[in-house]
Amino acid sequence: QLQLVESGGGLVQPGGSLKLSCAASASGFTPDYYVIGWFRQASGKEREGVSCVSTSGGSTNYANSVKGRFTISRDNAKNTVYLQMNSLKPEDTAVYYCAAFLAWSGSDWCDVISPYDYWGQGTQVTVSS
């Protein structure tokens, strides 16, 4: 079982930056056995996969809409995954969720298409002047 808690959302002006955090706690397999992804859902729109990071942290993927502006990273010692968001645009406004599925420790693979089994409660990001 894995619990995920997001933080770091808020209101920011266009062109600004925010850093989201996803703190993981687990019973059974430790968090470094889980692929972690960030997803977002804007009001009235379908959920979108934003980014993911492999269990080792060595492999990442990004949606085309955020490539070059967002950076995902993980600190397995702190059981935390981060999403650094720069050059934010109004269209980035959404509730951001981190999610996870069990893989194996040390893998170098992730995607946002696989079924994610564990989800956080979400954090609101609003980009507006």
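The turns below ask why certain labels apply to residues of this predicted model.

User: What should a newcomer know about the values in this model?

Analyst: This is a predicted model in which local features need pLDDT of at least 70 and side-chain atom pairs count only at pLDDT 80 or more, while totals for chains, interfaces and linings use all residues. Residues are numbered from 1 along each chain as its sequence is written, and side-chain values use heavy atoms, with hydrogens and water left out.

User: Why is Ser107 called buried?

Analyst: Buried means under 20% relative accessible area, exposed over 50% and partly exposed in between, with a 1.4 Å probe and protein chains only; Ser107 has a relative accessible area of 4%, so Ser107 is buried.

User: What makes Tyr97 and Trp119 an edge-to-face pair?

Analyst: Rings of Phe, Tyr and Trp (its six-membered ring) pair if their centres lie within 6.5 Å, and planes under 30 degrees apart count as stacked, over 60 as edge-to-face and the rest as tilted. The ring centres of Tyr97 and Trp119 are 6.5 Å apart and their planes stand at 75°, so the pair is edge-to-face.

User: Why does Trp119 count as partly exposed, and Tyr116 as buried?

Analyst: Trp119 has 29% relative accessibility and therefore counts as partly exposed, whereas Tyr116, at 8%, counts as buried.

User: How do you know that Arg47 lies over the face of Phe39?

Analyst: A charge sits over a ring if NZ of Lys or CZ of Arg is within 6 Å of the ring centre and within 35 degrees of the ring normal; Arg47 lies over the face of Phe39, at 5.9 Å from the ring centre.
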